[in-house]
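User: I am new to reading protein models and would like to go through this one slowly. Could you explain each term as we come to it?

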Amino acid sequence: LAANAQDTARLSLQNIFAEIDKSWPQLQFYESKINSIRALAAGARAWMPPTVSVALDRFPYRLSMIKEMIPDNQAGMMFSLQQMIANPARLNAKRNYLLSLENVQRNDLEWQKNTLHFTARLYYYRRYTAEQKLKLINEYRELLNLLIKTARDKYAYNQADLGTIFKAEASLSELSNMESMELSQIAESNIGLNTLMDRLVNLPFSIDTLLAPIDYSNNYLASIDTSQLGRNDILALESNIRSMALNRKWMAQGAKPDFGIQLTHANMYGMPDQFSIMAMVTIPIVPWSSKMYKSEVRSMGFEIEAMQKEKSAMQLMASQMIREKITMLMYEKQQLDNYDTNVLPSYRRNLETNLLAYQQNTGNFFVLLDAWNMLLMKQLERIDKLGQVFRLQSEYEYQSEIKSQ
């Protein structure tokens with residue numbers, strides 16, 4: 001009650017989505033993972049560090065020979081510098097694989113946003129329907145108070161039944177219980193939305209007061225092409241498949257040789273100084289070495305096949321869920337329209353007729369109270385049906401990953 005008395009900010013669904021995208025910690029987690037992948041890819045083409053060696057070479061056990069200038073004195077201090085040069089094709093393949101991991105994290109980030117937006121929609125629509133019920137309860141409380149006052153005045157002239165008056169007062173008390181229940185729904189929704197926006201849970205705000213279901217009838221008539229589903233959970237799996245293919249290509253580069261060069265200088269004691277230059281090349285195609293990368297390439301091939309089957313299953317399940325949700329939404333929307341066009345107008349005319357008869361002293365207060373109660377119940381049912389439409393609409397937007405609403 002204190003919160004309602006304050007001047008609060010009005011937040012639309014789009015405002016809440018923007019706050020969630022900016023503040024939710026797990027979304028920032030994905031951004032950090034992406035930055036980590038970029039930093040890792042920046043060093044993917046680095047070479048192995050050079051190796052420097054120092055050695056005592058060909059020293060005799062009889063150390064006194066070192067000072068003798070004889071052919072047998074081949075002792076010296078040897079200094080060596082060695083650098084292995086990685087195959088450029090392998091380095092490029094490694095870099096391409098690491099960069100592809102960014103797309104996986106990006107798709108996971110977008111799907112996480114979709115999940116959070118879905119949760120926010122549920123809270124938002126739940127609060128909206130609760131506020132609509134509160135408004136309705138207040139309107140009917142005023143009408144019932146007026147009817148009770150009129151009935152008590154007529155009771156003084158023996159024109160009203162005391163038992164029916166007591167029943168009307170009981171109905172008035174029940175409205176207070178209904179009001180408390182809706183206030184609880186509003187408080188729960190506020191806590192959920194404020195938590196999603198990373199704000200104080202009791203921070204007050206107002207929402208849009210006029211919301212209507214979105215017309216998705218064209219989507220209901222359209223067919224669903226599973227190959228064209230652009231959901232980010234499916235795209236994340238596609239990115240994983242591409243990354244695995246690039247990783248497989250990187251492993252296959254193991255068949256290509258690496259190169260190296262070694263420079264050696266010997267500071268001789270009994271002979272002139274010497275040097276040597278040696279070039280090196282690895283031979284990874286020998287059987288005892290090629291087993292390693294060949295087995296990994298074959299294993300990754302099977303992994304790719306498994307993920308492709310998983311992707312097909314995900315597409316089929318997504319298509320099924322989208323079709324189910326849009327079908328249920330259309331039927332629920334038909335029921336909601338029936339409430340507006342047929343059910344509520346009939347109950348409203350019934351109340352108006354009984355109210356007019358009661359005012360003209362030709363009606364019965366018990367019948368009038370029943371007409372009041374029936375119209376109230378049907379209007380509450382209509383709001384519940386609206387909430388059901390909003391829930392199915394949210395589930396359809398979640399399954400289809402619709403972001404514009």
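Analyst: Let us begin with charges: Lys and Arg count as positive and Asp and Glu as negative, while His and the chain ends are not counted. The place of a charge is taken as NZ of Lys, CZ of Arg, CG of Asp or CD of Glu. This is a predicted model, in which local features need pLDDT of at least 70 and side-chain atom pairs count only at pLDDT 80 or more, whereas totals for chains, interfaces and linings use all residues. Residues are numbered from 1 along each chain as its sequence is written, and side-chain values use heavy atoms, with hydrogens and water left out.

User: How far apart are the mean positions of the positive and negative charges of the chain?

Analyst: The chain carries 44 positive and 43 negative charges. When the mean position of each group is taken, the distance between the two is 7 Å.

User: How many helices and strands are there in the chain?

Analyst: Helices (H or I, at least four residues) and strands (E, at least two) are DSSP runs, numbered from the N terminus. Along the sequence they follow the pattern β-α-α-β-β-α-α-β-α-α-β-β-α-α. The chain therefore has, under this definition, eight helices and six strands.

User: What radius of gyration does the chain have, beside that of a compact globule of 405 residues?

Analyst: The radius is taken over C-alpha atoms, and the globule rule is 2.2 Å times the number of residues to the power 0.38. The C-alpha trace spans about 145 × 50 × 30 Å along its principal axes. A compact globule of 405 residues would come near 22 Å, but the chain has 39 Å.

User: Which helices do the buried residues of α6 pack against?

Analyst: Buried means under 20% relative accessible area, exposed over 50%, and partly exposed in between, with a 1.4 Å probe and protein chains only. In α6 the buried residues include Ile-234, Leu-237, Ile-241 and Met-251. Contact means heavy atoms within 4.5 Å, and the helices that these buried residues pack against are α3 (88-155) and α7 (287-359).

User: Why does Glu-102 count as buried or exposed, and which residues does it contact?

Analyst: Glu-102 lies in helix α3, and it counts as buried because its relative accessible area is 16%. Leaving aside neighbours within four places in sequence, Glu-102 is in contact with Ile-34, Ile-37 and Arg-38.

User: What distance does helix α4 reach from its first C-alpha to its last?

Analyst: The expected span of a helix is 1.5 Å times one less than its number of residues. Helix α4 (residues 162-196) has 35 residues, with 51 Å expected, and close to this value it reaches 52 Å.
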